Amino acid sequence: MSFEASNWSPGALLPREDGTQRALLFVIAVLAFLACLAAIGAIASERAAEGWKDQLIGSATVLVRASGLESADAAAARAAETLAGVKGVAEARALDKAKGDALVARFIGPDPLPADLPIPRLVAVEFNSRQPATTADLRRALEADGIDATVEDHSIWTAQIMRTGALARSAAIGLFLLIAAAAGALIAFATRQGLDARRDLVEILHYSGASDDFIARLFQVRFARMAAVAGAAGGAAAALAGAGLHLFGKGQSVAAILPVSWTDLIAALPCPFIAALIAAVTARLTAQAVLKNAP
Amino acid sequence: MTGTVVRFDGVTMAYGREPPILKDISFSLEAGSFHFLTGASGSGKTSILKLIYMSEVAAGGRIELFGHDLATLPRADRAPLRRRMGVIFQEFRLLEHLSAFDNTALAPRIAGRKADSYRNDVAELLVWVGLGSRMEALPSTLSDGEKQRLAIARAVVNRPEILLADEPTGNVDAAIAQRILRLLSELNRVGTTVLVASHDEDLVTHSGNPVLHLNDGGLTRFERGQKRPK
């Protein structure tokens, strides 16, 4: 079959990828996988922290002590009745004495407690989710009925959980930046190596009238495409790992800490674009810096 | 194009700490001229070409290309000037992963021209240099003579104002050398300024064109018909 100039389309000015670039593709894919896992983990841990916070904010615990002739059990029952009448409280119930004893047993051991030990009773309060009562409302109602009690609103735990959630988010962002920097450094190294290996080609392009920008763009497109493929592979692998955690992690302790949902897997979607962007910018800047010293 | 295309004024050049290979060289090439650059091996023929296509930098003196002083030329302005010249390298320097057609189409492609505007020119040029049946061939499958003609096609496809050829007949037999000389002469006839570095005395004598002869770092100009020392 003879060659027809009208059917000709320009061939790639850079030769096909070699073994070094295939190895680079694999490493970038692994980095993309880790970055996506970090993103999915950050979203899941953030949701876990939010869930725990909502649970804690939606409830309070009241410690009721015996006073005067009234026993602790009787005081707890009265406190539950009082608190149930406070606006914004959905439910208030006195817990069994056994539950209070179990809490104390953690600190003083499992042996039976002396009968005359003044163990306070616990009243669990659930707030209305729409218009919850405040701990001040509870305290006022208890004081008005002359009940000796302490209201614990879990604010200490809420703050700690929120701090932990923020820490997880910061760690994920830090990890992402670290991975992005590592990917950028790899691309910069590969671009330098590519320019060095193709020095003859670069010279011919220069002597044929190509500007530094023209040549830098060739390397930019080459590495951006490669990073997009690697990002897609790494992102897909991370999404699969997340799906596995969602499907098979139920009932495991890991699922409590990282409750991955299907929507979290969307975090892997922009991975090819971000990888391509990092590669494009790095390859372009590196190539321009190297070519500045070429003839 | 009229006027002076290349002007060397007291140019000196050395590689590293070596003694200067070119000492106080002065000459000029007028538009539409055809010159041979002769001299023994290592006399500096290739160095003069490299100075013109900005692969090397002079240690002293002044070089003007199309009226631009190369010592003060901003880097960004090199590419537009190089697009006005064609270079035939001694060792061909073809792009081995590209076909003969792609190699020839390199310059218009770099210049940003649309493929439709030059594909027929490239095909015609390859026929003109005798490679009409080898357009799809990779350089590695071509003979030295074919490679040389492909290198010429690549250098002239954009109709350069000046053509620099470094030993264009160095790898071919006498018959092909004459054919290549005819190609260069035809280009010169349509207005291209030609500078050919060659140690092929027969070719230089046969062409009858003016000669710039390098000897011991200096340059002597011999006009058409003027007798040169052996």
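Let me start with the contacts inside chain B: among those with a separation of 6 or more, 67% are between residues 24 or more positions apart. Keep in mind that this is a predicted model.

On to the overall build of chain B. The chain has eight helices and 10 strands. Its C-alpha trace spans about 45 × 40 × 35 Å along the principal axes. A compact globule of 230 residues would have a radius of gyration near 17 Å, and chain B has 17 Å, so the two agree. Of those 230 residues, 44% count as buried.

Now one strand in chain B, β6, residues 85-88. Which of its residues are buried? On one side Met85(B) and Val87(B), and on the other Gly86(B) and Ile88(B), so both faces are covered. In a regular strand the side chains alternate between the two faces of the sheet. β6(B) runs parallel to β7(B), residues 162-166, and four bridges join them. Within this pairing, Met85(B) stands opposite Ile162(B).

Next, where the chains meet. On chain B, 27 residues are in contact with 18 residues of chain A. Four helices of chain B each supply at least two residues to that side: α2 (78-82), α3 (100-104), α4 (106-110) and α5 (115-128). The largest share, five residues, comes from α5(B). By type, the residues on this side of chain B are 16 nonpolar, four polar and seven charged.

Last, a helix in chain A. In α6(A), residues 199-207, the buried residues include Leu201(A), Val202(A), Ile204(A) and Leu205(A), along with His206(A) and Tyr207(A). After α6(A) comes Gly209(A), with a positive phi near 105 degrees.

Conventions
Residues are numbered from 1 along each chain as its sequence is written. Chains are lettered from A and ligands numbered from 1 in the order in which they are written. This is a predicted model: local features need pLDDT of at least 70, side-chain atom pairs count only at pLDDT 80 or more; totals for chains, interfaces and linings use all residues. Two residues are in contact if their C-beta atoms, placed from the backbone, lie within 7 Å. Ala, Val, Leu, Ile, Met, Phe, Trp, Tyr, Cys and Pro count as nonpolar, Asp, Glu, Lys and Arg as charged, and the others, Gly among them, as polar. A residue is buried if 20 or more other C-beta atoms lie within 10 Å of its own, exposed if 12 or fewer, and partly exposed in between; C-beta atoms are placed from the backbone. Two strands pair if DSSP finds at least two bridges between them. The radius of gyration is taken over C-alpha atoms; the globule rule is 2.2 Å times the number of residues to the power 0.38.
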